[in-house]
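Trainee: Please take me through this entry by question and answer. Give the cut-offs as the terms come up.

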Amino acid sequence: MARIRFPDGFHWGTATASYQIEGAWQEDGKGESIWDRFSHTPGKVRHGATGDVACDSYHRFAEDVALMREMNQTSCRFSIAWPRIQPNGSGAANTKGLDHYRRVVDCLLDAGIRPFPTLYHWDLPQALEDCGGWPERDTAGRFADYAEIVVSALGDRVKNWMIFNEPGVFTLFGYWAGIHAPGRRDLDAFLRASHVVNLAQGEAFRAMRAACSDAVIGTAFSMTACVPARDTAQDQDAAERWHRLANLWFLEPALRGRYPDAFAEEPFERMGIRDGDLALVRAPLDFLGINLYTRTFVEHRESDPLGMGARALFGPVGGKQGPKTDFGWEVWPDAIYDVLIRISSDYGRPIIEITENGCSYLDGPDARGVVRDPRRIDFYRGYLEAVARAIDDGADVRGYHAWTLLDNFEWAEGYEQRFGLVWVDFATGDRTIKESGRWYASVADENGFEA
Ligand code: FCB
């Protein structure tokens, strides 16, 4: 048996998002978000589930922090709900909203846990969507104002921030695929949204720096290992283009002030890019957050709506070779190794935090109330071993955040998927640490494990 070790000072944490756990959707002056509107619209979320109550973490956060402490966590990735701070997406801050997050942060600090907030994990104020949402250029400035408010208010106690969670996912799923809020199905809206989000990332970065000069700022990017479906030059080219769109579309503009070469013909006009914008999208991020679950097979296609010459083979997510989670996603630990090595070598060994990685299995409490979920332990063993290997091979990874602390509202899937290290009984809100949570606690405590 070999011992898997992580560098001294490595951060062990879990990740959550406001809409998925907080509930209290109308409390303390909070405005409506696009996810409130979407989940309240019949037919959008499985079984009509909503985040109105979710895990009730808005009220039970002290209990959640106590669980993190019991699990030896040293970092807590959570997100701040924009409509709690600016109910309509602009104007003066709602003090009660800021006070709530001050209490959360203080509770974490008292427990010796690093607060690691994301400013935007998908809950846009509905009022801004009513004015055009992310495809509308003004939204970038609105977002920078919000970022400034939050960092000015919390910057005395929070040092490490993420601007966005998975910009690639919320623009694509929200504006083109229509399966997430706001549920639009419009390719041009997606293209414009992607550019406005890049502008917002640059503007927010500068506003945050100005508000707090020693803020450490990144974004949590969704990433996947892009694999050619067949061993042909055309599929290899297609996979490379997909890598640039899926993994680099919000990274390359920030770090290098340009869009990666993903399309045969760049859709710059359709994206609404103006002269001078490529300077505005720049944001010299202090670290890169990587969210990764599995890999993606890509094949060449003669024609496709984006003019990429590529098509990702979805469903099930990932390939067919590895075991599947209960969500049908392929378990493929090498995906995280490959992406870490690729990003490290292409971007000069940036500081990386794994900001999400995890799996949905439905195992519930047995007669004695114990949640035995050995497949989740196997999942984490595999992926953590791959992260450790990437670190040995040169990737500068500083922390790992399991998705997620609690079973929670899994977007369009409602409560039908369970990604938590902690079981939640949604009728009562009761929480039970799963066996995987106990195992993860020992990894955090020992900064490693026996392979
Ligand atoms: C990611 C999201 C996160 C969660 C996991 C399963 O794409 O960032 O909120 O839903 O997937």
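Mentor: Helices (H or I, at least four residues) and strands (E, at least two) are DSSP runs, numbered from the N terminus. This is a predicted model: local features need pLDDT of at least 70 and side-chain atom pairs count only at pLDDT 80 or more, while totals for chains, interfaces and linings use all residues. Residues are numbered from 1 along each chain as its sequence is written, and side-chain values use heavy atoms, with hydrogens and water left out.

Trainee: Where is Q73 found?

Mentor: Two elements frame its position, α3 (57-70) and β3 (75-79). Q73 is found in the loop between α3 and β3.

Trainee: Is Q73 buried or exposed?

Mentor: Buried means under 20% relative accessible area, exposed over 50%, and partly exposed in between (1.4 Å probe, protein chains only). Because its relative accessibility is 4%, Q73 counts as buried.

Trainee: Which backbone nitrogen does the side chain of Q73 reach?

Mentor: A polar contact is a pair of N or O atoms within 3.5 Å; within protein, one must be able to donate a hydrogen and the other to accept it, and residues adjacent in sequence count only if both atoms are side-chain atoms. A polar atom of the Q73 side chain lies 2.7 Å from the backbone oxygen of M71. Contact means heavy atoms within 4.5 Å, and leaving aside neighbours within four places in sequence, Q73 is in contact with residues including W12, T14 and Y440. At 3.4 Å, the backbone nitrogen reached by the Q73 side chain is that of G13.

Trainee: How much of the ligand does the protein bury?

Mentor: A residue is near a molecule or strand if one of its heavy atoms lies within 4 Å of it, and the residues around the ligand include Q20, H121, W122 and W411. Polar side-chain atoms of Q20 and of H121 each lie 2.8 Å from an oxygen atom of the ligand, and for W411 an N or O atom of the side chain is 2.9 Å from a ligand oxygen. Accessible areas come from the Shrake-Rupley method with a 1.4 Å probe; for residues, only the protein chains shown count as cover. Taken alone the ligand exposes 290 Å², and the share of that buried by the protein is 94%.

Trainee: How far apart in the chain are K159 and D214?

Mentor: A salt bridge is a side-chain nitrogen of Lys or Arg within 4 Å of a carboxyl oxygen of Asp or Glu, and K159 forms one with D214, the closest N and O atoms being 3.8 Å apart. K159 sits in the loop between α7 (138-154) and β5 (160-165), and D214 in the loop between α9 (187-211) and β6 (216-228); the pair links parts of the chain separated by 55 residues.

Trainee: Are E32 and R37 buried or partly exposed?

Mentor: Their side chains meet in a salt bridge, 2.7 Å from N to O. The relative accessible area is 27% for E32 and 37% for R37, so E32 and R37 are partly exposed.

Trainee: What residue follows α8, with a positive phi?

Mentor: Helix α8 covers residues 167-176, and its buried residues include V169, F170 and Y175. What covers the buried residues of α8 includes β4 (114-120), α6 (126-130) and β5. The residue that follows α8, with a positive phi near 75°, is G178.
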